[in-house]
Amino acid sequence: MKTDIEIARSVRMRPVTEVAKQLGINPDDLELYGKYKAKVPLTYIDREKRRDAKLILVSAISPTPAGEGKTTVSIGLSQALNRIGKRSCVVLREPSLGPVFGLKGGATGGGMSQVLPMEDINLHFTGDFSAVEKAHNLLAALIDNNIQSKNRSLGLDPRTISWKRVMDMNDRSLRNIVVGLGGTASGVPRETGFDITAASEVMAILCLATSMADLKRRLGNIFVGFTYDKRPIYARDLHAEGAMAALLKDAIKPNLVQTIEGTPALVHGGPFANIAQGTNTVLATEMSLSLTDYTVTEAGFGFDLGAEKFLDIKCRAAGLSPNAVVLVATIRALKYHGGQPLADLKTPNVEALERGIVNLQKHIENIGLFNLTPVVAINRFVSDSDEELHFVKDYCTMRGVACAVADVWGGGGSGAEELAQLVVEATQKCCSDFRPLYPLDEPVVKKVETIAKSIYGAEAVDYMPKAKNALKRIADLGLDGLAICMAKTQKSLSDNPALLGRPKDFVITVRDIEIAAGAGFLIPITGEIMRMPGLPETPAAEAIDIDEEGNISGLF
């Protein structure tokens with residue numbers, strides 16, 4: 001069996017100029033990055049046209065080590081929509097180098113449902129991550145420079161600054177560091193550290209901005225810390241937003257590539273889903289809606305994390321209204337939620353499947369809370385038995401939920417045509433009465449409680465002393481009208497990664513609440529959230545190589 005990179009390399013790609021023509025884009029308007037990648041100017045966004053297009057959100061059940069294949073299904077579905085005569089584009093996040101060289105691998109799909117060129121997309125691509133990194137670190141440098149300044153100091157209290165530096169690599173040694181050592185000419189010593197670039201608020205801002213002016217406004221709204229006399233300082237007080245936006249002048253433009261079957265793909269932005277909104281850019285989504293009839297996009301992790309934030313943060317900010325939600329599930333993941341050991345998931349086990357399917361049930365219920373129509377996609381693996389597949393399909397049918405088995409890895413678009421037909425039917429039935437889960441003008445504790453109880457199934461929410469102090473600080477700053485971006489483990493509906501399936505009678509514990517005023521949300525921190533991952537004992541980087549002809553191997 002061929003690997004993903006071998007399959008990708010066997011495909012004869014079309015010049016990106018031809019892909020652009022398929023969308024009605026004048027090739028002369030493209031900013032080319034070689035033959036197969038290009039940036040598209042924002043002038044191709046037409047907010048009147050986008051209202052007539054269908055927006056399909058792809059989400060999943062709670063992730064497991066077995067993997068669900070959400071990106072692969074998104075790509076396969078978009079290919080299938082084109083195969084059945086619909087004009088479709090898939091819109092995805094960009095991969096981070098940390099997972100590529102670490103444990104998870106790339107994020108360009110798999111098998112016959114990949115975006116190409118997979119090597120370029122998984123590595124530097126068009127430099128967007130680098131631009132975000134530079135813009136973020138510019139603000140960090142300006143902060144330390146102002147602390148050092150004698151004539152222009154704002155009086156920043158270094159103890160209140162939470163803005164770290166970022167880099168797009170897993171490096172645990174940089175989580176906690178001290179800067180400013182070496183004497184008075186080298187700055188003021190203080191504790192800080194590094195996060196991975198995908199965790200940057202600048203990345204979250206880039207993905208929510210609707211224009212260059214909006215980008216600058218949001219960058220200026222980044223909360224930096226307090227002065228010694230308790231006055232809040234924002235990035236605009238450091239006059240940072242203009243230069244930061246200048247570094248993002250190209251990164252703000254969506255990237256056009258293609259799938260294995262030549263379906264257009266916009267791959268743009270890449271924020272974490274457990275501490276940010278976990279979706280591609282608003283601008284890429286709007287561009288696809290302007291140029292096609294069906295836009296397929298995804299949100300990170302399960303519905304409780306990525307999709308809830310997609311709906312409550314991204315859609316609210318951009319005025320988007322999804323027409324259907326595809327919920328990806330796998331037989332092996334459902335069995336894992338039912339208690340079957342990871343090493344034994346290839347063994348048929350309907351009993352474990354029956355125990356674990358409650359996780360799917362909860363996510364289906366959550367979709368209904370937003371007045372949206374779910375379509376379940378069973379991402380098929382060769383180890384799935386017919387009995388197990390029939391069990392899940394029958395389970396959905398009995399509850400009036402459309403369900404299709406999708407073989408997108410092996411069959412590409414042809415393996416998802418039934419799913420595509422069900423999705424089209426769902427969008428036709430959609431009455432466009434999507435509503436966010438909570439109003440922004442509710443108290444912060446009420447908004448958090450709504451998410452915890454309605455989406456997670458929690459019994460209650462408990463606040464640690466640090467979180468209670470944060471609530472007062474947020475109210476004093478007048479920021480309690482922001483959206484909520486819960487930072488929670490992706491492995492469970494609860495904040496305890498060990499609680500699989502559909503846990504009940506649990507309490508969500510909020511340790512702290514961080515302010516992301518530029519992005520437009522507050523981040524309640526539950527559990528341990530890793531912002532700078534470490535490499536595994538055997539990093540994927542050890543298997544990656546390049547030959548004399550420039551062919552890369554080892555990516556997956």
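Valine 91 of strand E4 (residues 88-92) stands opposite threonine 297 in strand E15, and its bridge partner in strand E14 is leucine 266. The model is predicted; local features need pLDDT of at least 70, side-chain atom pairs count only at pLDDT 80 or more, and totals for chains, interfaces and linings use all residues. Residues are numbered from 1 along each chain as its sequence is written, and side-chain values use heavy atoms, with hydrogens and water left out.

Strands (E, at least two residues) and helices (H or I, at least four) are DSSP runs numbered from the N terminus. Two strands pair if DSSP finds at least two bridges between them. The pairings of E4 are as follows.

| Partner of E4 | Sense | Bridges |
|---|---|---|
| E15 (residues 294-298) | parallel | four |
| E14 (residues 264-267) | parallel | three |

Five of the five residues of E4 are buried (under 20% relative accessible area, 1.4 Å probe, protein chains only), so the strand is largely enclosed by the rest of the structure. Ser88, Val90 and Leu92 point one way from E4, and Cys89 and Val91 the other way. In a regular strand, side chains alternate between the two faces of the sheet.

The unreviewed UniProt entry lists a "binding site" that includes Pro65 and Gly67; such annotations may be inferred rather than shown by experiment. Proline 65 lies in the loop between strand E3 (54-60) and helix H3 (70-83), and glycine 67 is in the loop between E3 and H3. Proline 65 is exposed (over 50%) at 58% relative accessible area, while glycine 67 is partly exposed (in between, from 20% to 50%) at 24%. Contact means heavy atoms within 4.5 Å. Not counting residues up to four places away in sequence, proline 65 touches Tyr336 and Leu342, and glycine 67 touches Thr330 and Arg332.
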